[in-house]
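Let's take a walk through this fold together. We'll look at pockets and at helices that pack against each other.

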Amino acid sequence: MTSASQGTVQIVTDSTSDIQTQDAEQAGITIVPAYVLFGEEQFRDGLTISGGEFYRRLQQKGTFPKTAQPSPQDFADAFGELAPNGPVLALTVSSKMSGTYNSALIGRDMALKDHPDATIEIVDSLLVTMGLGMLAQEAAAKAQAGAGIEEIAEWARDTASRTRIYFAVDTLEYLARGGRIGKAQRLLGGLLSVKPVLEFRDGEVHPLERVRSRAKAHALLESYVHQSGTPERLAYASTTDHDKAREMAGRAMERLNIDDVPVYTIGAAVGTYAGPGCVGVAIVSSPG
């Protein structure tokens, strides 16, 4: 973790942002990891289990993994370490998908008992994976440029409200078994060969389309990118099909004349529900 100079806003997020450890350290972002459990074995997302190892385990027959949000104490420890150095802004995964936001609120109250003069603000992003990751990384850049905590928090809420996440999954099995299927429940029971295309909107999963192949699902994802002109920002993510995500990002850069379209690797906490073969895109539309 990079220490902040006195007064610089410090950004905290959770591991569902799928920011790689080295990128978080470089940006000065503190990551509070979620937990992934295979039976009696407990791992800290991104710290004690890698994405590769997680997906190998996930595809083996046996115990289906479970996840647990970071505890209030996890957040209290992070906030307590940062508080003496300046204001703290935490951006969390959607409260409709996880108890992480609530843990952060309780953790803030715990930290403030020891640091009563600290400034700690929590924003429920209503986002996940690369949508949250982009938000946190840009917030950190604004902090390093000298923006204040209220300015960054207001920007984050506005930007999050303009962010749409679309993703194609090989199967709804993982979302359904994990209890995160949301309004896509009605897509269950269809043909096994059908590939669902879903939208993460207003903090939860919504159904969009059912197509017959991965290729058609990926084509749909790319079509959404071009529906509303040139986006303000764009990012792709994948659980296991990283080559496909990079290929789609490359085409987006070429077609939209965008210099940088990051590609995130979806870690264990989100991958528990997305499953192998998931590819997604987060689109931040331009204001107005």
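What follows goes through two pockets and then three helix pairs.

A couple of ground rules before we start. This is a predicted model, where local features need pLDDT of at least 70 and side-chain atom pairs count only at pLDDT 80 or more, while totals for chains, interfaces and linings use all residues. Residues are numbered from 1 along each chain as its sequence is written, and side-chain values use heavy atoms, with hydrogens and water left out.

Start with the largest pocket. A pocket here is an open set of points on a 1 Å grid over the protein atoms alone, where a 1.4 Å probe fits, with protein on both sides within 12 Å along at least five of seven lines; lining residues have an atom within 4 Å of a point. This one holds about 640 Å³ of space, a volume being the space filled by probe spheres set on the points, with grid points joined across faces, edges and corners. Its lining runs to 30 residues, and those nearest the centre are Thr21, Ile31, Asp45, Gly46 and Leu47. At least two lining residues come from each of α1 (21-27), β2 (29-32), α2 (51-59) and α3 (72-82); these names follow DSSP runs numbered from the N terminus, helices being H or I with at least four residues and strands E with at least two. The top contributor is α3, with five residues. By class, the lining has 13 nonpolar, 10 polar and seven charged residues (Ala, Val, Leu, Ile, Met, Phe, Trp, Tyr, Cys and Pro count as nonpolar, Asp, Glu, Lys and Arg as charged, and the others, Gly among them, as polar).

Now for the second largest pocket, at about 400 Å³. Of its 28 lining residues, Met97, Val128, Ala269, Val270 and Tyr273 sit nearest the centre. Two or more residues each come from β5 (66-68), α5 (129-144), β8 (163-168), α10 (268-274) and β13 (279-284), and α10 has the largest share with four. The class split is 19 nonpolar, eight polar and one charged.

On to the helix pairs, with α3 turning up again. The axes of α3 and α4 (residues 100-114) come within 7 Å and cross at roughly 50°; axes are lines fitted to C-alpha atoms, for helices over the stretch in contact, and angles run from 0 to 180 degrees between N-to-C directions. So α3 and α4 are oblique to each other (under 35 degrees counts as roughly parallel, over 145 as roughly antiparallel, 65 to 115 as roughly perpendicular and the rest as oblique). Their crossing is right-handed, a label used if the near helix is turned clockwise from the far one by less than a right angle. On the α3 side, the residues in contact (heavy atoms within 4.5 Å) include Phe75, Ala76 and Phe79, which meet an α4 set that includes Ile106, Gly107 and Met110. This contact has eight nonpolar, five polar and one charged residues.

The helix α5, met above in a pocket lining, pairs with α6 (residues 149-161): their axes come within 10 Å and cross at roughly 150°. They are therefore roughly antiparallel, and the crossing is right-handed. Leu135, Glu138, Ala139, Lys142 and Ala143 of α5 meet Ile152, Trp155, Ala156, Thr159 and Ala160 of α6, giving seven nonpolar, one polar and two charged residues.

Last come α8 (residues 214-225) and α9 (residues 242-256), whose axes come within 11 Å and cross at roughly 30°. That angle is why α8 and α9 are roughly parallel. Their crossing is right-handed too. His218, Leu221, Glu222 and Val225 of α8 make the contact with Lys244, Met248, Arg251, Arg255 and Leu256 of α9, and the classes come to four nonpolar, one polar and four charged.
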